[in-house]
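Work through the exercises below with the sequence and the model at hand. Each task is followed by a solution in steps.

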Amino acid sequence: MTLGFPHVSDIRLTKAPLAEVVCQVRFPAILRIDKESPSDFQEAVRRRFPVFEVEQGVQLRLPSPLVAAASEAQMTPRLYRFRTADGESFITVTADSYALTTNRYTVWDEFAHDLQLAHDAMQQVYELPFSTRIGLRYVNVFLPSQTGYETLAELGQLLRSELTCLLSVDAWSTPKELLTQILLEDEEGNLTMRVGAKAKDDSSEPVLFLDLDYFEEGQLPTQGLIERCQRYHDTIYDAFRWCVRADQLAIFEPVEGSC
């Protein structure tokens, strides 16, 4: 099966709606990551990601009201995070995954450079045999302050009507919340498309989001990660451009000559 999104050239948007981009790689659990401080990994990425954090939470399990049992506290897996000096990008490492996240995405090449750094460091220190899941996710958020549209119905005009038709029907005018998920498959992997909306309340403005997540699962080679994720990126971008109405793209101020 192939996806039918028309291929388009990548255009840089001055006011891009991207709120977060994440690439996560999962692998068979390595107990060493939980037992040792990741000092060698830190040295490999420290110039770009100098800020180190470690988290280990506690998950509280409450008993059922129908069963007389004591509450249980269980330690969650340890998580290591390596941040850039500005805090906008970070690598997260756990016993069975690593991920690169950025809240200030510019262009693919810059993100891919950081992803290559993280991947090389993981291979150098932990010698991953293979990956079990690789995913790339782009989360777009559309707000009145960003678009000039004040209501949820107006924000819905940014996307194709097929994706936002439930924002206004005969039975209601504006839902309090909306979430639609579509799972698509092609020859290589899967694309999850999520469209969500939340109406204005006393503490927040209305918001519309478009979440695009491409992933592959199985026993995946560790070689060629960037090339693989480049393909994910291209599919996600074509899907994004299909979702956003062509007559609305100017709102995000395309950079002339950026194709």
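Two strands pair if DSSP finds at least two bridges between them. Helices (H or I, at least four residues) and strands (E, at least two) are DSSP runs, numbered from the N terminus. This is a predicted model, in which local features need pLDDT of at least 70 and side-chain atom pairs count only at pLDDT 80 or more, while totals for chains, interfaces and linings use all residues. Residues are numbered from 1 along each chain as its sequence is written, and side-chain values use heavy atoms, with hydrogens and water left out.

**Exercise 1. Place strand β1 in its sheet.**

Step 1. Take the β8 side. β1 (residues 18–26) pairs with β8 in the antiparallel sense, over eight bridges. Val25 stands opposite Ile134 in β8, and Val22 has Arg137 of β8 as its bridge partner.

Step 2. Take the β7 side. Strand β7 (residues 97–102) runs antiparallel to β1 and is joined to it by six bridges. Gln24 has Ala99 of β7 as its bridge partner.

Step 3. Write out the whole sheet. It is open, has nine strands with antiparallel pairing, and follows the order β2-β5-β6-β7-β1-β8-β11-β10-β9. Its edge strands, β2 (51–55) and β9 (177–185), each pair on one side only. From one strand to the next the twist averages 15°.

**Exercise 2. Find which helices lie on the sheet and describe how α3 and α7 meet.**

Step 1. Fix the terms. Contact means heavy atoms within 4.5 Å. Axes are lines fitted to C-alpha atoms, for helices over the stretch in contact, and angles run from 0 to 180 degrees between N-to-C directions.

Step 2. Locate the helices. Helix α7 (residues 225–243) lies across β1, β7, β8, β10 (190–198) and β11 (207–220), at about 150° to β11.

Step 3. Describe the packing. The angle between α3 and α7 is about 145°, and their axes are 10 Å apart. On the α3 side the contact is made by Trp108, Ala112, Leu115, Gln116 and His119, and on the α7 side by Leu225, Ile226, Cys229, Gln230 and His233.

Step 4. Sort these residues. Ala, Val, Leu, Ile, Met, Phe, Trp, Tyr, Cys and Pro count as nonpolar, Asp, Glu, Lys and Arg as charged, and the others, Gly among them, as polar. The contact of α3 with α7 then divides into six nonpolar, four polar and no charged residues.

**Exercise 3. Classify Asn140 and Ile236 by accessibility and list their contacts.**

Step 1. Buried means under 20% relative accessible area, exposed over 50%, and partly exposed in between (1.4 Å probe, protein chains only).

Step 2. Asn140 lies in strand β8 (residues 131–142). Asn140 counts as buried because its relative accessibility is 3%. Leaving aside neighbours within four places in sequence, Asn140 is in contact with Pro17, Leu18, Ala19, Leu208, Phe209, Leu210 and Phe240.

Step 3. Ile236 is in helix α7 and, at 2% relative accessibility, counts as buried. Not counting residues up to four places away in sequence, Ile236 touches Leu136, Tyr138, Leu191, Leu212 and Tyr214.

**Exercise 4. Explain why Cys165 and Cys243 form no disulfide with each other.**

Step 1. A disulfide is a pair of cysteine sulfur atoms within 2.5 Å.

Step 2. The cysteine sulfur closest to that of Cys165 is in Cys243, and because it is 13 Å away it is too far for a bond. The structure holds zero disulfides.

Step 3. Compare the surroundings. Cys165 counts as partly exposed at 46% relative accessibility, whereas Cys243 counts as buried at 0%.
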